[in-house]
Amino acid sequence: MNKTAKTAAFAISSIALAAALAACGGGGGSSSNPTGQTSSTGQTGSTGSTPQPISLLAATGAAAGSPTLTGDAVADSFAYANNKRAQLGLSQLKQIAAVNTAAGNHATYMYDANAVGHYETAGQPGFTGVAPSDRVKTAGYTTNSVGEIAAGIGGPFTSSTEAVDGLFDAPFHRAIFLFDTTGVGFGQGPANTDPAKYSTLVGDFVDYVQQTPDYKLVAYPYNGQTNVKPSWIANESPNPMSFYAAAPTKYVGATVGYPVTLSAAGNGAFSNIAFTIADAPGNAVPCQEVDNTTTSEAQRLAMCVPFAPLAANTTYKVTVTGSLTNTSIPQATAFSVNWSFTTGASAAVQARQLPAGSSTARPPVFN
């Protein structure tokens, strides 16, 4: 489908995940190791007793199958999120009716305001609480954490997974899908056909319980993944390309390569991160590295966003080196992880961008 005539706004927020679950962060890399093997000095595991190497969490990949879709954006967003987690070897989320209600209330608030974000103003139409945690409480659910993602696309959604797919592509937002929350609720705003008004979707991730071991890292695209999108539009907020927000090196809002991310569990923090992304002949792919040492929004996250779209039908090797600390690994400990993925055919940019000559359509936003 050609989406160049679509506009969209995607907002994703890593709001107050308790137990130090925070915003997203990033990094990218390349590797000559096709099996995704890793190495590090020995670390204690989550029990604090058995030395464990820092390594990638084994992905289930294609064995996870595809999500069963119904055509309903709320149900299909839930199925999509769990399918992505299954591909990565992460636990499945439980859908919570009251959290669906909270997410739906905020999606309606955004629709009424024709704006995408995570905070509401008392007295405005549809107000149910200032912050995501307030709205979840208002809906009757008690939790130790709430992480919210929100999307708005000008005009009607073109598919039941358009919004959630766009949110997962955005690296800071992707991280929220992959943290160790155990429950989620999705909600959609009213039906919309006006390209100057947002169709809206909200997801609230709740109930933090660490399940991924401290010594495991989650890579996406995952090791061995095929048909990876070659490109992404850098319109996320916070934006990993914010170092280049103005001409002549403007990458904010530009079509760039697909983000490569590495996520840590628990209260993990990275340091000395270095990424390499390379094609099969070994040609390096220049990319913007971001991690928790360069922005506070990147807690437990490292990423590298290529400055140009990746080539179609090409295998890329990723290497990430650096150090990790967390509860089980109190001293910064070096690691090196390696994996590879293969892009799919080039397609029209997975675009949420202004149509040519349009002045009324809503521009894309990841917030």
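The following exchange introduces a predicted model of a single chain.

Biologist: How many helices and strands does the secondary structure of the chain come to?

Modeller: Two kinds of element are counted along the chain, helices and strands. The secondary structure comes to 5 helices and 20 strands.

Biologist: What percentage of the residues in the chain are buried?

Modeller: A residue counts as buried when its relative accessible area is under 20%. The chain has 367 residues. Of these residues, the buried ones make up 56%.

Biologist: What share of the contacts with a separation of 6 or more comes from residues 24 or more positions apart?

Modeller: Contact here means heavy atoms within 4.5 Å. Among contacts in the chain with a separation of 6 or more, residues 24 or more positions apart account for 77%.

Biologist: Which elements give two or more residues to the lining of the largest pocket?

Modeller: The largest pocket holds about 590 Å³ of space, and 29 residues line it. Nearest its centre lie Y80, K84, D165, N227 and K229. The elements that give two or more residues to this lining are α1 (73-87), α4 (162-169) and β12 (225-228).

Biologist: Is F127 buried, partly exposed or exposed?

Modeller: F127 sits in the loop between α2 (97-113) and α3 (132-138). Buried means under 20% relative accessible area and exposed means over 50%. Because its relative accessibility is 30%, F127 counts as partly exposed.

Biologist: Which residues make the nonpolar surface patch of about 280 Å²?

Modeller: The accessible surface of the chain comes to about 13300 Å², and 53% of that belongs to carbon and sulfur atoms. The nonpolar patch on the surface is made by Y119, F127 and V130.

Methods
Residues numbered from 1 in each chain as written. Predicted model: local features only at pLDDT ≥ 70, side-chain atom pairs only at ≥ 80, totals over all residues. Heavy atoms only, no water. Patch = residues over 30% accessible without salt bridge, like charges linked within 9 Å, V, L, I, M, F, W, Y side chains within 5 Å. Areas by Shrake-Rupley, 256 points an atom, 1.4 Å probe, with all protein chains shown as cover. Salt bridge = Lys/Arg side-chain N within 4 Å of Asp/Glu carboxyl O. Helix = DSSP H or I, 4+ residues; strand = E, 2+ residues; numbered from the N terminus. Buried < 20%, exposed > 50% of the residue type's maximum accessible area, 1.4 Å probe, protein only. 1 Å grid on protein atoms, 1.4 Å probe; cavity = no way out; pocket = protein on both sides within 12 Å on 5 of 7 lines; lining within 4 Å. Points joined across faces, edges and corners; volume = space filled by probe spheres on them.
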